[in-house]
Structures are given as C-alpha cells and as structure tokens.
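Visitor: I should like to take a close look at the empty spaces of this protein and at the ligand it holds. Please treat the pockets and cavities one after another.

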Amino acid sequence: MDFLPFTRPSIDEGTIQAVGEVLRSGWITSGPRVKEFEAALSERYGGRPVRVLNSATAALELALRLCGVGPGDEVITTPMSWVGTANAILEVGATPVFVDADRATRNIDLDRVESAVTKRTRAVIPVDLAGLPVDRDRLYDFAGRHALRVIEDAAQSMGANWKGREIGSFGDLVAISFQANKNLTTAEGGCLVMNTGEEARLLEKLRLQGITRFSDGGMDVDVRGGKFNLTDIAAVIGLHQLPKLDGFNARRRALAKHYFEHWNRDLGCELPPADFEQTNWHMFQPLLPLDRMTITRGDFIERMKAEGVGVGVHYPAMHLFALYRSLGFRKGQYPVAEEIGRSTVTLPLFPAMTNADVERVCAVSSKVLSPVLAP
Ligand SMILES: Cc1ncc(COP(=O)(O)O)c(C=O)c1O
C-alpha cells in the first residue's frame, strides 16, 4: 500500500500549466500576477487592503512594524504555535509574553490574558491552531479594553470563520500563510490583511527595501525596508488555488468527521475540538495517552511510519526551545502548552484523501497503540 503522508498539496494540471506560462513570459518576479492575486484576496475579504509577501513570518514581522512595535514593547502570544510567531516578535526587538494554552481549544487561554498585560504591552498575537478560530468576541473585547493592536496569526486558518464571518474579513491585522502544507498554498508565501490604504502603502515599502518609485523613473527610500516580496510564479499558483479553497476545506471537514466516526475511543487519545462549523481543519491532532503508553511518542511515530502512515508533530511548546530558555523561559511555566506539545501528533488530513484512507489511519493507530497500553 502507498505511503500516506500527513499532508500533501493539491496542485492540478491547470496550475502547472499556468506556472509554465509565467516562466515563459519573461516576467517571473513580482508583477501582474501578484497584483491579480492581491485583488482576488481583497475581494474575498470584503474589499479590505491585502498585500502578499514571501511568508506569513514576514507578514507578522511587518504587521508589528506597522503597529510601531519595537524595543521595550511587550507582545502577548501563545507558546503553542509554530516558533515563527514569537520569532517575529524578537525580530522587531520586542519581548514575547506568553499566556498558556486553554486545554479545550488548545488556543491562547482568554481567561488568563488579562494578567499578562503591563504598561508596556502594545499588541496581542492570537494563533488559530489547526485552523480553530480563537474566540474573536472575547479577543477584541480584551484588546479594546487595553487599547492593544491585534495581529491575528491566521497562518493556519484560511477559510475558517468566526460565527459565519470569514477570518480575514474583519478585525485588525490578519496574517495568513501560503506555505506548502497550508489549506491554500503558493509553495511559500503569505499575506497581510489590513485596515487602511495608508497601512498598505507603508507595507509595500517595508516589503521591498523601503522604496517609493516615481513616474519619472526616480525613487526614494524614507524607511528601512526588507526583501519580502512574492514572485509571480508563486502568485499564479495562489490564483489557481483560491477558487478551490472552499471545496478543499469542505473535504477536510468531511474527512475530519469521518475520523471522529471511525476512531477507536478505547485508545484513550484526546481528539481535537469537534468543531465542524468554524474550523478549516488544517490539521487533525489527537493527543496521545502518554501516561498509559509503554512506548514513547517517537516510537509511535516510527511504528506508524513502518505501517505506511506519516505522522507529524505540530508543535513542541516553543518556550522550551534553547533560544527561549536563554531568554529566561522555563519548564513548568506553561503546563497546558507543555502537555499538548509533549503528546500531540498530526495524522494525515488533506483534500485528496479518501474515506478509506481515514479508516486505514484509524485501523493502523489502533494496531500500533492497543498492544502498548498499560491496563
Ligand atoms: C501558526 C503559524 N504561524 C506562523 C507561521 C509561519 O508561516 P510561514 O511559514 O508562511 O512563514 C506558521 C507556518 O507554519 C504557522 O503555522
């Protein structure tokens, strides 16, 4: 039987042909396809300004710069995310302040955010882990009461919604990723959804060396920018993915539901939050019953692979990485995130999977786990 990876992008022949056309056109870096992709995204998000970038990490970093966040400022976020979230805070010279995850949603614990606010707090970066939206009502109520900017790390939640409103179509700044594993991909890439044309103009400068071009061919640089532009090769992939996003997400939801129907509950795993309305099901992540297992998570992953099923880990709690420990973070500080980080596994979930694939993953998980569970 073929090896089943934990994810695989859905790229059709039309997309491959369109990439060929860009390559043959003679204009392969940022150009007309980028503009078209930005217009399509903006239309999706109710006319809000959107600019594409070469990653969501860049979107987070530049969003912080748009908000004027820098040295001496604090930014609240969760330790249960891809490390890019907090690295962006460090990159602008600010200080990440972690708030533990909530056990039920695995997202930032909104019951605890208040106690993390100080005089130096400028912004909060909530993360929609696995595409499950953070409670936007409570989040914006909290941010409003403390006059904080919100930079939504929606890297994983493209196409998800909060009470029927699509993530990205409302709120403050929203960073989305198009990295290869995401529900919509451009191989690598991302975008930032903003509020005003003024923010978008500044972002255009920040993503390309701070340059403003004039019609006479001249230019000026009045702000220190970087090199974060997306290529037309990537943008044309996005243009072909976008009309398919809702279909991809519907398929992911159906597959996730199928997991819930076929998963062996006797294994004692904790299944992800069973939300089939709002989540885009970016990942399917049970927590392993480590206390009852006579093998490690690493052994579990190896045994699953030997049975032809790919398993990922997203993510270890990031405050325990050496860099963050060197900044003073310690084990035991965020116990919920640590427990999730220790026990989480990402099982295969991508639109091209069949229901039979899901049943196979359930059966293989049962075969691997059942014999190693202490009574
Ligand atoms: C939650 C989260 N934030 C940020 C990022 C960074 O996205 P990118 O790889 O596009 O820089 C990712 C990517 O995996 C992510 O999952």
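Which helices and strands each supply at least two residues of the lining of the largest pocket? Please begin there, and then continue to the ligand and the enclosed spaces.

Guide: The model is a predicted one. In the largest pocket, the elements that each supply at least two lining residues are helix H2 (32-44), helix H6 (197-207) and strand E10 (211-213). Among the contributors, H6 gives the most, with 4 residues. The largest pocket holds about 500 Å³ of space. Its lining consists of 15 residues, and those closest to the centre are Lys35, Glu204, Arg207, Leu208 and Arg213. Lys35 falls within the range of H2 (32-44), Glu204 and Arg207 fall within that of H6 (197-207), and Arg213 falls within that of E10 (211-213). By class, the lining of the largest pocket divides into 8 charged, 4 polar and 3 nonpolar residues.

The ligand is found elsewhere: the space it takes is the second largest pocket. About 410 Å³ of space lies in this second largest pocket. It is lined by 28 residues, and Trp82, Ser177, Gln179, Lys182 and Tyr315 are the ones nearest its centre. Helix H3 (56-66) and helix H4 (84-91) are the elements that give two or more residues to this lining. The largest share comes from H3, with 3 residues. In the lining of the second largest pocket, 14 residues are polar, 11 are nonpolar and 3 are charged.

Turning to the ligand itself, 15 residues surround it, and Thr57, Asp153, Gln156, Ser177 and Lys182 come nearest. Ser177 and Lys182 thus appear both among the residues that come nearest the ligand and among those nearest the centre of the second largest pocket. The shell around the ligand has 8 polar, 5 nonpolar and 2 charged residues.

Individual polar contacts give a finer picture. An oxygen atom of the ligand lies 2.5 Å from an N or O atom in the side chain of Thr57. An oxygen atom of the ligand is also 2.9 Å from a polar backbone atom of Ala56. On the nitrogen side, a nitrogen atom of the ligand is 2.7 Å from an N or O atom in the side chain of Asp153. On its own, the ligand has 390 Å² of accessible area, and the protein covers 93% of this.

There remain the enclosed spaces. Rolling a probe the size of a water molecule over the atoms shows where empty space is left. The structure holds 2 cavities of 30 Å³ or more. The largest cavity contains about 100 Å³ of space. Its lining is made up of Thr105, Arg106, Leu129, Ala130, Leu132, Pro272, Pro273, Thr279, Trp281, Met283 and Gln285. By class, 7 of these residues are nonpolar, 3 are polar and 1 is charged.

The second largest cavity contains about 60 Å³ of space. It is lined by 13 residues, of which Pro9, Ser10, Lys182, Asn183 and Arg252 lie nearest its centre. Lys182 is thus named here as well as among the residues that come nearest the ligand. The lining of the second largest cavity has 6 polar, 4 nonpolar and 3 charged residues.

Methods:
Residues numbered from 1 in each chain as written. Predicted model: local features only at pLDDT ≥ 70, side-chain atom pairs only at ≥ 80, totals over all residues. Heavy atoms only, no water. Near = heavy atom within 4 Å. Polar contact = N/O pair within 3.5 Å; in protein donor to acceptor, adjacent residues only side chain to side chain. Areas by Shrake-Rupley, 256 points an atom, 1.4 Å probe, with all protein chains shown as cover. 1 Å grid on protein atoms, 1.4 Å probe; cavity = no way out; pocket = protein on both sides within 12 Å on 5 of 7 lines; lining within 4 Å. Sits in = over half its atoms within 2 Å of the grid points. Nonpolar A, V, L, I, M, F, W, Y, C, P; charged D, E, K, R; others polar. Points joined across faces, edges and corners; volume = space filled by probe spheres on them.
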